[in-house]
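Biologist: Could you walk me through one small part of this model, slowly and in plain words? I'm new to this, so please explain the terms as you go.

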Amino acid sequence: MSKAVRFDEYGGTGVLYVEDVSLPDPAEGEVLVKVKAAGINPGEAKVREGLLQDRWPATFPSGQGSDLAGIVVQVGDGVEGFAPGDEVVGFTDRRASHAEYVLADAGELALKPSGVPWEVAGALFVAGTTAYAAVRAVSLTPGDTVVVSAAAGGVGSLAVQLARQAGAEVIGIAGPANHAWLASHGVKPVAYGAGLTDRLRKAADRIDAFIDTHGDGYVKLALDLGVDPSRIDTVIDFAAVQEYGVKAEGSASASSVEVVAELASLVAEGKLEVPVAAVFPLDEVRAAFDELEKGHTRGKIVLLP
Ligand SMILES: NC(=O)c1ccc[n+]([C@@H]2O[C@H](COP(=O)([O-])OP(=O)(O)OC[C@H]3O[C@@H](n4cnc5c(N)ncnc54)[C@H](OP(=O)(O)O)[C@@H]3O)[C@@H](O)[C@H]2O)c1
């Protein structure tokens, strides 16, 4: 048996509950993992609320969660490269990682570098692959200036660091509480709110690229600042993608275990910080999402089953 998060209808965090579910032995190519940490993401809240029913409907009872890190318990036939006791990082596409145990495909897992803490490894997949894809999409070269909206959020906090590593000057749009954190990562912080366009114009002679991880008009702002649509990527404003022809590369564009492993290596080498704002036990999944859905997390919130 495994405790797992479930919901039986669309709704607020109150529809979430934890129950014991039975798990079969791993089938061919599958690995049973005892989950040590599993990140939570705004997309999961949107699925739960039914806001993405057209694209990603739920079937009830639904599980949730794709980020994971944990310890291999059992491997199915044909699995090579993993054995019980191995520490792994990765994901599942089955909406199932918010649980004590998860069955993942072997191709969704990589060995976790030993220096990476569980809560960091378990937070890497969605935010990390999204940041990776967004930075790649805007083709940064040394000397470019890129603006990142929601620069200290789960995706933004990683995107600003990857953009710095690409050699770009980075301007991060965030509330004042996050300015010191951004500055400590070589990012020029700019507050959102009235007057933002003027503040951005003053912050740089030229803005070459824009990564939008917040939505709500930032794509239009980027165009107003003179950024070419081919160098604007939004991971959330799909209406703006239709309207202006900007890019929409997010998690799906980089959703591979190789990318997760590359990001985990950067963490192990001390080149990437994944800020973990809070951890919650599995039983407190409602509180974890209540906190996330306030919309002001620095970095990630992680469940520790
Ligand atoms: N397409 C994809 O593949 C994909 C993948 C992952 C996420 N997403 C989407 O991307 C978005 C961000 O995800 P996330 O995990 O980074 O979310 P998150 O961690 O919840 O983002 C929180 C951040 O948003 C910032 N913020 C709040 N109001 C803002 C404003 N008006 N202007 C600028 N920043 C503001 C907050 O900054 P302050 O605390 O400083 O206020 C906070 O740091 C979500 O909509 C999510 O659904 C898409």
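Modeller: Sure, let's begin with a term: a polar contact is a pair of N or O atoms within 3.5 Å; within protein, one must be able to donate a hydrogen and the other to accept it, and residues adjacent in sequence count only if both atoms are side-chain atoms. Keep in mind that this is a predicted model, where local features need pLDDT of at least 70 and side-chain atom pairs count only at pLDDT 80 or more, while totals for chains, interfaces and linings use all residues. Residues are numbered from 1 along each chain as its sequence is written, and side-chain values use heavy atoms, with hydrogens and water left out.

Now find Ser97, in the loop that runs between strand E5 (87–91) and strand E6 (101–105). Helices (H or I, at least four residues) and strands (E, at least two) are DSSP runs, numbered from the N terminus. A polar atom in the side chain of Ser97 sits 3.1 Å from the backbone nitrogen of Ser66. Ser97 has plenty of other company too: leaving out residues up to four places away in sequence, its contacts (heavy atoms within 4.5 Å) include Val35, Ala38, Gln64, Gly65 and Val102. Is Ser97 buried or exposed? Ser97 counts as buried because its relative accessibility is 0%; buried means under 20% relative accessible area, exposed over 50%, and partly exposed in between (1.4 Å probe, protein chains only).

Stay in that loop between E5 and E6 and you'll also meet Arg95. Arg95 isn't a glycine, yet it has a positive phi of about 50 degrees. With 27% relative accessibility, Arg95 counts as partly exposed.

Ala150 makes a handy companion to Arg95. Ala150 isn't a glycine either, and it has a positive phi of about 50 degrees. You'll find Ala150 in the loop between strand E8 (145–149) and H4, and it is partly exposed, at 24% relative accessible area.

Ala150 also leads us to the ligand: one of its polar backbone atoms is 3.5 Å from a ligand nitrogen. His214 has a polar side-chain atom 3.4 Å from a nitrogen atom of the ligand, and Lys46 has one 2.6 Å from a ligand oxygen. On its own the ligand has 930 Å² of accessible area, and the protein covers 86% of that.

Note on methods: Areas by Shrake-Rupley, 256 points an atom, 1.4 Å probe, with all protein chains shown as cover.
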